[in-house]
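Take a walk through this model with the structure open beside you. The route starts at one residue and moves on to a helix, the ligands and the charged pairs.

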Amino acid sequence: MAEPKKLYIKTYGCQMNVYDSERMVEAMGGVGYVETDRPDDADMILLNTCHIREKAAEKVYSELGRLREFKDAKPDLKIGVAGCVAQAEGEEIMRRQPLVDVVVGPQSYHRLPQLEAKARAGEKALDTDFPEEDKFENLKQRPKAMRGPSAFLTVQEGCDKFCAFCVVPYTRGAEVSRPADRILTEARDLVERGVREITLLGQNVNAYHGAGDGGDWGLARLIWALNDIDGLERIRFTTSHPNDMDDALIAAHGECAKLMPYLHLPVQSGSDRILKRMNRSHTAEQYLRLIERIREARPDILISGDFIVGFPEETEQDFEDTMDLIRAVRYGTAYSFKYSTRPGTPAAERDQVDEDVKSDRLQRLQALLSEQQKAAQDAMVGQEVGVLFEKTGRHEGQMVGKSDHLHAVHVQAPLDVKGQVRRVQIVESGTNSLSGTLI
Ligand code: SAH
Ligand code: SF4
Ligand code: F3S
């Protein structure tokens with residue numbers, strides 16, 4: 001048998017890209033490729049890219065420049081660009097960086113084997129279509145290898161919301177939900193291979209409305225069906241939009257045993273004026289009431305969010321409104337960014353905020369969020385939590401896992417806890433993680 005070819009894949013951006021990279025490895029497995037973690041050993045190098053902010057997109061070009069040495073050492077090496085930069089910039093990538101042999105968008109990566117073959121035949125290969133066929137159905141030849149205890153599963157993709165700052169509706173296309181039975185089959189298959197925790201993914205995951213028994217299912221219905229799978233112990237989902245947080249989903253947070261007490265619910269700004277300019281179609285007050293209702297259903301839920309500072313026309317008062325909202329919510333963790341102009345989006349054309357003002361606001365906002373993050377973590381001390389152990393720690397005899405609330409937890413424990421959810425008493429809160437003892 002011929003020696004397998006080797007694929008090195010580097011992933012940027014969100015969890016959906018992580019999921020997509022796994023699918024691309026499997027697709028290439030069908031034509032004799034195995035994954036390698038050494039770029040110098042690879043027959044194909046693939047960058048799975050992100051276009052969300054300018055820095056993310058620019059990283060791709062500097063990384064491509066660094067790949068020249070591998071191509072010089074091995075002229076047969078094929079270089080591909082996948083993901084959201086591929087979708088947004090298409091052929092421009094090959095023009096700017098002639099090293100690139102393959103460009104493949106997020107909706108056509110099931111065609112990667114054909115594109116690779118075309119590149120092997122000496123042609124440039126580009127596919128950034130939004131094809132009719134279901135890419136997930138075309139990727140069924142999964143190798144049945146065992147996997148780590150936690151996995152992502154894409155259930156919904158794309159977005160119809162068109163927030164004024166965001167490229168996702170352009171790079172990922174219109175919102176599409178996968179049928180419920182296919183998701184359940186994939187989930188059962190993951191559990192057979194050792195997975196104990198599944199994180200359902202979608203750019204707007206709580207807008208999920210896939211075909212199921214008796215009509216379309218919402219996300220809550222899907223979660224309840226997953227809850228019945230023996231061997232699956234934890235369910236999470238990300239990322240949600242406030243406007244799609246329906247009653248059934250809020251109730252599930254209180255009632256569904258396997259649904260974890262953690263919710264990523266980005267608000268972006270606490271100023272109604274800015275929210276409107278962002279096209280977020282809800283007010284700060286509506287968001288706060290929503291958080292209240294979610295906490296009524298599940299009092300210990302940990303709320304996480306995303307913020308953009310320095311959106312066009314943002315005043316000091318708008319920014320202070322965001323700080324007030326953060327104080328009112330008390331976030332367990334959050335991601336925050338300076339607004340970055342994205343070509344083709346409505347906000348790119350508007351009056352921009354000075355870079356120094358953005359930096360100053362980001363610093364103040366992050367100081368407040370880190371205080372809250374530390375407070376939420378410290379509040380776990382003395383509590384008993386579930387921990388899903390994933391790997392060994394840095395110290396002798398130490399194992400590391402994630403708590404129900406998604407905190408990293410270090411515990412002295414035998415190796416065989418790996419892949420299990422165990423009860424742990426939290427005894428200490430460090431800089432970025434907790435430590436505890438097995439109960
Ligand atoms: N679908 C998710 C988020 C997708 S992008 C949602 O609706 O919330 C992830 C985060 O990147 C966003 O929540 C936002 O905070 C940030 N982001 C998106 N576009 C941005 C831009 N142009 N500049 C800065 N941050 C941006
Ligand atoms: Fe982007 Fe999220 Fe807004 Fe959709 S809802 S446009 S993905 S920020
Ligand atoms: Fe980035 Fe595309 Fe995800 S732009 S955040 S990789 S959807």
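Begin with Ala 297. Leaving aside neighbours within four places in sequence, Ala 297 is in contact with Ile 250 and Gly 254. Ala 297 belongs to helix α12, which covers residues 284-297. Its relative accessibility is 27%, so Ala 297 counts as partly exposed. Bear in mind that this is a predicted model. Now look across to Ile 93. The C-alpha atoms of Ala 297 and Ile 93 are separated by 48 Å, and the two residues are 204 apart along the chain.

Next comes Gln 87. This residue sits in helix α4, residues 83-89. Is Gln 87 buried or exposed? With a relative accessible area of 13%, Gln 87 is buried, because the cut-off for buried is under 20%. What does Gln 87 touch, not counting residues up to four places away in sequence? Its contacts are Gly 105, Pro 106, Thr 128, Phe 130, Tyr 170 and Thr 171. Thr 128 also offers a polar partner: its backbone oxygen lies 3.0 Å from a polar atom of the Gln 87 side chain.

Move to helix α8. The helix runs over residues 180-192 and has 13 residues. At 1.5 Å a residue, α8 should span 18 Å. Its end C-alpha atoms are 19 Å apart, which agrees with that expectation. Which residues of α8 are buried? They are Ala 180, Ile 183, Leu 184, Glu 186, Ala 187, Asp 189, Leu 190 and Val 191. Two acidic residues, Glu 186 and Asp 189, are on that list. The cover over these buried residues includes helices α1 (15-29) and α9 (219-227). It also includes strands β7 (150-154), β10 (197-201), β11 (209-212) and β12 (215-218). Just after α8, Gly 194 takes a positive phi of about 105°.

Turn now to the ligands. Ligand 1 has 15 residues around it. Which of them come nearest? They are Phe 165, Gln 203, Gln 268, Asp 306 and Ser 340. Backbone atoms of three of these residues lie close to ligand nitrogens. For Phe 165, a backbone N or O atom is 3.0 Å from a nitrogen atom of ligand 1. For Gln 203, the corresponding distance is 2.7 Å. For Ser 340, a backbone N or O atom lies 2.8 Å from a nitrogen atom of the ligand.

Phe 165 appears again in the shell of ligand 2. That shell also holds Cys 159, Lys 161, Phe 162, Cys 163, Cys 166, Val 168, Pro 169, Asn 204, His 241 and Arg 280. By class, the shell of ligand 2 has seven nonpolar, two polar and two charged residues.

Gln 203, in turn, is part of the shell of ligand 3. Its companions there are Cys 14, Asn 17, Thr 49, Cys 50, His 51, Ile 52, Cys 84 and Arg 172. How does the shell of ligand 3 divide by class, and how many residues are charged? Four are nonpolar, four are polar and one is charged.

Finish with the charged pairs. Side chains of opposite charge can pair when their charged atoms come close. The whole structure holds 38 salt bridges. One of them joins Lys 6 and Asp 41, with the closest N and O atoms 3.4 Å apart. Lys 6 lies in strand β1 (residues 5-11), and Asp 41 in the loop between β2 (33-35) and β3 (44-49), so the pair ties together parts that are 35 residues apart in sequence. Lys 6 is partly exposed, with a relative accessible area of 22%. Asp 41 is partly exposed too, at 24% relative accessibility.

Other pairs sit within a helix. In α1, Arg 23 and Glu 26 meet in a salt bridge with an N to O distance of 3.0 Å. Why can these two be partners along one helix? Being three residues apart, they are separated by about one helical turn. Arg 23 is buried at 2% relative accessibility, and Glu 26 is buried at 8%. Helix α2 (residues 54-66) offers a similar case, because Glu 63 and Arg 66 are three residues apart and about one helical turn separates them. Their side chains meet in a salt bridge at 2.7 Å, N to O. Glu 63 counts as buried, at 10% relative accessibility.

The last stop is a network. Salt bridges link Glu 314, Glu 316, Glu 320, Asp 360, Arg 361 and Arg 364.

Definitions and conventions
Residues numbered from 1 in each chain as written. Chains lettered and ligands numbered in written order. Predicted model: local features only at pLDDT ≥ 70, side-chain atom pairs only at ≥ 80, totals over all residues. Heavy atoms only, no water. Helix = DSSP H or I, 4+ residues; strand = E, 2+ residues; numbered from the N terminus. Expected span 1.5 Å × (residues − 1). Buried < 20%, exposed > 50% of the residue type's maximum accessible area, 1.4 Å probe, protein only. Contact = heavy atoms within 4.5 Å. Near = heavy atom within 4 Å. Nonpolar A, V, L, I, M, F, W, Y, C, P; charged D, E, K, R; others polar. Salt bridge = Lys/Arg side-chain N within 4 Å of Asp/Glu carboxyl O. Polar contact = N/O pair within 3.5 Å; in protein donor to acceptor, adjacent residues only side chain to side chain.
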